[in-house]
Amino acid sequence: MKNRKENKSISGIGWKDKFGYGMGEVASGVTFGLVQSVLQKYYTDILGIGVISVMLLFVLARFWDAANDTICGHIVARLKPDESGRYRRWFKWFAVPLAASTVLMFVKLPGLSSTAYFIYACVTYVLFGMIYTCLNVPYGSLAQAITIDSNERASLSVARSVGGVFGAIPALILISFCYTTNADGSKQMSYPIIIGGVVAISLLSLVCYVILYRGTRERNITHYEDKAGQKGIFGRSVKALLTNKAFMVAACIAMLYLASQQFSMSYSTYLFQYYFDAPGLTMLPTVFAYLPVAVMMFCATRLGNKYGRRELCSYGLLVAGLGNFILYFIHTDNVWLYIAVLLLSGIGTTFIYLLIWSIASDAIDHVYLKSGVEEAYAYSFFSFMRKLGHCVAAVCVNMALWKIGYEGNVLNAANITDSTLVEMYTYSVLVPALLYFATFILLRFVYPLGKQAVEQQQKEKEAKSRG
């Protein structure tokens with residue numbers, strides 16, 4: 001058995017670590033934002049893929065992710081650290097392939113049949129997901145290597161979440177301003193604008209990964225064990241993860257919360273084009289939802305440490321669900337009132353948005369202390385559960401579109417019936433509301449790591465690191 005010792009400074013992170021770590025979420029967020037905000041509508045409106053086919057694409061990709069994410073986690077955990085650490089080197093290896101695969105997803109080859117476009121979409125989307133995982137698993141595990149202190153990890157969670165806000169902006173701008181007006185007054189997506197924006201966003205992602213690599217340092221490689229010769233470690237790790245209540249509930253919370261985010265961002269592109277007839281305002285609901293983040297990011301760590309991350313985030317989700325129910329009952333056709341009330345939901349989700357990665361770190365620490373499961377295994381499974389959230393959202397979005405008869409860019413404001421518009425609006429507010437309430441129940445009443453449990457866990461980690 002071989003050991004690797006790092007320097008003894010495993011805490012005391014500075015602004016450079018936080019900034020560099022936050023830029024990692026910008027790097028992944030700008031490309032994943034394209035999947036959240038643009039890809040669904042690109043498939044239906046430009047490639048002409050039917051909504052049921054799009055739904056099947058996203059669902060089938062998750063079956064592959066079940067294997068892909070766990071394999072990636074196993075490789076990350078087993079590779080011996082080099083001079084840059086265990087996780088940072090992955091950013092050097094896969095930043096360029098991620099940028100290339102992102103562009104490939106949005107390349108429209110001329111003259112293909114609808115079946116050929118569907119096959120091309122499947123291949124390029126799965127390729128993107130595989131490469132994204134090879135960056136996302138090391139990135140998610142990196143927080144554990146930067147510091148052992150749970151309060152400092154909470155500050156890294158905030159930095160990551162703030163990075164996510166900036167990472168989402170380019171795709172939101174693109175989806176809001178990618179339309180051209182036809183002779184009959186209807187609007188449609190412009191492919192030249194889409195592909196130009198995607199290339200620019202992919203290059204931005206590459207630059208941000210360079211900043212992530214140069215701005216962070218792995219301190220907490222307390223002992224690397226070369227376990228390549230040990231049999232059964234993968235199976236034991238998976239079993240430990242599946243039977244750990246704190247970890248599994250945290251993973252389900254992340255899945256449902258991502259599903260609510262993904263649904264709102266994807267479905268709003270259709271809602272604002274057809275219900276409000278204002279596609280140029282598509283980005284505003286997300287912008288308004290993120291406005292409270294700009295205020296609370298300065299005190300979220302302190303409040304989470306004082307009152308408990310579970311307690312703070314759960315009641316925020318309750319407020320978010322109530323905000324969406326208000327929209328359901330008032331059923332407004334005033335776009336500005338709709339956006340204003342969404343601000344209430346944005347206030348409610350601010351804390352879980354800023355602290356979700358801290359909750360993930362607490363759960364990963366818990367399964368490590370109880371069963372010795374390494375963070376790469378835990379985070380790869382956590383990453384897969386988040387992708388299931390994308391699958392849940394994809395099913396909800398495409399079933400809602402199928403229900404109102406949407407097939408490609410064939411609906412316009414002139415031939416949508418009043419009942420269709422009512423349905424469209426109802427789905428836009430009720431689906432997120434139900435997801436918020438489900439997440440609230442899991443976090444407040446099922447997730448076991450409240451404030452006192454996290455404080456006790458921190459003492460166990462410190463004792464283990466000294467031993």
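This is a short exchange on how some contacts in a predicted model earn their labels.

Biologist: What are the ground rules for this predicted model?

Modeller: Local features need pLDDT of at least 70, side-chain atom pairs count only at pLDDT 80 or more, and totals for chains, interfaces and linings use all residues. Residues are numbered from 1 along each chain as its sequence is written, and side-chain values use heavy atoms, with hydrogens and water left out.

Biologist: Why is the pair of Phe 440 and Phe 445 called edge-to-face?

Modeller: Rings of Phe, Tyr and Trp (its six-membered ring) pair if their centres lie within 6.5 Å; planes under 30 degrees apart are stacked, over 60 edge-to-face, the rest tilted. Here the centres are 5.8 Å apart and the planes are at 85 degrees, so the pair is edge-to-face. The whole structure holds 30 aromatic pairs.

Biologist: Which of these labels, buried or exposed, fits Phe 440, and which fits Phe 445?

Modeller: Buried means under 20% relative accessible area, exposed over 50%, partly exposed in between (1.4 Å probe, protein chains only). Phe 440 has 11%, so Phe 440 is buried. Phe 445 has 59%, so Phe 445 is exposed.

Biologist: What makes Arg 160 sit over the ring of Trp 357?

Modeller: The test asks for NZ of Lys or CZ of Arg within 6 Å of the ring centre and within 35 degrees of the ring normal. The charged end of Arg 160 is 3.4 Å from the centre of the Trp 357 ring. Arg 444 also lies over a ring face, that of Phe 445, at 5.9 Å from the ring centre.

Biologist: Why do Asp 365 and Lys 461 count as a salt bridge?

Modeller: A salt bridge needs a side-chain nitrogen of Lys or Arg within 4 Å of a carboxyl oxygen of Asp or Glu. Asp 365 and Lys 461 meet at 2.8 Å, N to O. Asp 365 lies in helix α12 and Lys 461 in helix α15, so the pair ties together parts 96 residues apart in sequence. Helices (H or I, at least four residues) and strands (E, at least two) are DSSP runs, numbered from the N terminus. Both Asp 365 and Lys 461 are buried.

Biologist: What separates Lys 451 and Glu 455 in helix α15?

Modeller: About one helical turn, because they are four residues apart. Their side chains meet in a salt bridge at 2.6 Å, N to O. Lys 451, at 27%, counts as partly exposed. Glu 455, at 37%, is partly exposed too.
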